[in-house]
Every structure is written in C-alpha cells, then in structure tokens.
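Work through the exercises below with the sequence and the 3D structure at hand. Each task is followed by a solution in steps.

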Amino acid sequence: MSEFNELPSGSAVPWMEAAIAACGSPLVSVTCPACSEIALSAEWTLLEVKSRETAVDLHCTACEARQSLRMVLPEGASACWPFERFESVAEAIEKEVESLAERIQRHASTMPAAEFATNPLWAEAQWCATTFQWHPTSEAPPLMGLVFENEEAGLEIFRSVEDKMNHEDRFEEIRISIVEGAVPGQELRPGYSVHLCADPEALEAHATFDDFVVDRSIVPFLGQWNRHYPIPGQPSLLTKFKEEFEQHGEFMLAPTVLKDDGNRYMQPELGIIKNVIFFRQLSDITTPDDPDAAALMLPELIIPPA
Ligand SMILES: [Zn+2]
C-alpha cells in the first residue's frame, strides 16, 4: 500500500464513499469530501478479478484535491475507466481469461461453440485475414472465411467441434461482430475489426456448473481479433456480405486455406451455420465494458499494411 496516500482514519470513509459513487456513475461528477463541490471524478483499474480489488484515483476539478485508494469494485462498474486504462487492466485480467478458457475446455462436450471460440490453437493458427463469398445469383446464404497463417491448426479448430456442433451454432454461442470505422491515428487507412468470442450470455447460461462463474468484468477481454484493411479502389466485400446476410438471415463461417495457385479456398465442409452477427461502428463503443471495447485498443496492437 506504500504507493498510496495514507488517509487519516477519520477522513477515509467520505473518500471511500465518494469513490464508490464515482465508480458507479463515471460520466457524472460526485460531491468532493474536501470542498463539497460536485466536481469529483474517478479513474480506476481492477487489480484482481476474484477479490475485485481496485485502485482508484480521485480528482476534484474545483479544489484540485487528489486522493488514491484501494477498494472493492462496486457491482456493475466496469473493470476500468477511462479507455486509457484498458491495457493495464488487460494484464491483470489475462490469467483469469486463461482460466476461463481452461474451464470451458473442461465442459467442452456441453458447450462446443464456446470451446471453438477459446480453443488454445487460435494462437498457433494465426488468423490473419477475413474474406467473404456469396452465390452469384444470391440463391444461397453468403460465407465468411477465416484465413489462417497456419492452415493445419486453423482447420483443426473447426474440426474439433465438427461432430459436436453438427455444422450449426444453434444457440448462437459464438459471438461475431464486425466493427467499422477508422481507429485513432489510422484515419487515412479505413478498415474494420472482426471480433469472435464465446457469447457472454450463453456462457452465463452455463454458470450452473460448480466451477463456472463468468465475471462480467472479463467479458471485453474475451476472444479473437482480426483487423482488415480493404484494398483502396476495390469494391467492398463487406458491403456485399451485409446485403446478402440481410437477404438470407444466415451465413456460414468457414476456414479458408491458401493453395499453391495463390488463391484462397473456403472449406464449407468444415463450416458452421450462423444466424446472428453484429455490425457496429467504432463510434458506438463508448465504455470499457462494451464487449467489443478492445476494438479501440487495436491501433496499438496492429500495424496496417504498407
Ligand atoms: Zn474539491
């Protein structure tokens, strides 16, 4: 605790109460214990998922009072605030996300879609691009292809759930979102992010297992990401995919391999049929507890092609 200000015991309670109020409603200021103005705001970072221990920094814009303290994160508050703290909380949460993935693998037989989304092979497979295909006269639903650097690992992710899912995500347990909009610092390189994760609500529905509790604060850190930069001047594959999806209300998610002839080939025999996908704009994501919040951190993680 040495890096935190020592609070005289009598004055600790009002600051703690102010911190709880500020974490509960980050967009509005709360009453400052020092000057009584409604000018106190909080920034915080979750330090530990299980205990919900959180480091909070309070600042009053009226009297410039500052106070740092540790407390239990109030129910319903997001794991961090503002976005700038996302990366540091991601590090603290990493182990919990890994542990969740392990628990999912243990219960894989009853939640194959979640097993698919958290398969440890994703790291090895290196999802490097996303591609779309559709029937020339729109007589069949479109396809969304995931291109893998490591073809064998990528195909194995799909094979691992082939029998259990019977090629269909019946309960929509794989959440897929496509987030459009230029990220800060890449205004001249339009692109979109594809986010694939185990659906948080489907996971919660499985929370009847003794060892299976999904902490809401880890949801934004779940899943696999790919950022796609369309070739300038080429027609948008995504626009066409959206039209085709709207028409059919269905698409197939399939692995895609690169053949010797330089072309990409989807493997529909390993595909998974889905009826839900989220099309979003980056500007819609305004809080760190949004399930797609990591989209805003991607510019620091992904460098666009030259
Ligand atoms: Zn004040």
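**Exercise 1.** Find the network of salt bridges that links R175, R280, D290 and D292, and describe the pair D292 and R175 within it.

Solution. Start with the term: a salt bridge is a side-chain nitrogen of Lys or Arg within 4 Å of a carboxyl oxygen of Asp or Glu. By this rule R175, R280, D290 and D292 form a linked network. Next take the pair: D292 and R175 meet through their side chains, with 2.8 Å from N to O. D292 lies in the loop between strand 14 (278-281) and helix 9 (298-301) and R175 in strand 8 (residues 174-180), so the salt bridge ties together parts that are 117 residues apart in sequence. Helices (H or I, at least four residues) and strands (E, at least two) are DSSP runs, numbered from the N terminus. Finally, check accessibility: D292 and R175 are both buried. Buried means under 20% relative accessible area, exposed over 50%, and partly exposed in between (1.4 Å probe, protein chains only).

A note on the source: this is a predicted model, in which local features need pLDDT of at least 70 and side-chain atom pairs count only at pLDDT 80 or more, while totals for chains, interfaces and linings use all residues. Residues are numbered from 1 along each chain as its sequence is written, and side-chain values use heavy atoms, with hydrogens and water left out.

**Exercise 2.** Describe how domain 1 and domain 2 meet.

Solution. First, set the bounds: domain 1 covers 9-77 and domain 2 covers 93-301, as given by an automatic or database domain assignment. Their C-alpha centres are 36 Å apart. Second, look at the contacts (heavy atoms within 4.5 Å): four residues of domain 1 touch five residues of domain 2. Third, take the buried area, the accessible area (1.4 Å probe) that two parts lose on being put together, summed over both. For these domains it is about 420 Å², 55% of it on carbon and sulfur atoms. Fourth, search for salt bridges across the interface: the rule finds one.

**Exercise 3.** Which residue forms a salt bridge with E96, and where in the chain are the two partners?

Solution. The partner is K50, with the closest N and O atoms 3.3 Å apart. E96 is in helix 2 (residues 86-106), whereas K50 is in the loop between strand 2 (38-46) and strand 3 (53-60), 46 residues apart. E96 counts as buried at 12% relative accessibility, while K50 is exposed at 65%. In general, side chains of opposite charge can pair when their charged atoms come close.

**Exercise 4.** Is K274 buried or exposed, and what does its side chain meet?

Solution. K274 lies in strand 13. Its relative accessible area is 0%, so K274 is buried. Now look for polar contacts: pairs of N or O atoms within 3.5 Å, where within protein one must be able to donate a hydrogen and the other to accept it, and residues adjacent in sequence count only if both atoms are side-chain atoms. One such contact, of 2.7 Å, joins the side chains of K274 and D169. A polar atom of the K274 side chain also lies 2.7 Å from the backbone oxygen of I174. Leaving aside neighbours within four places in sequence, the residues in contact with K274 include E172, I176 and F251.
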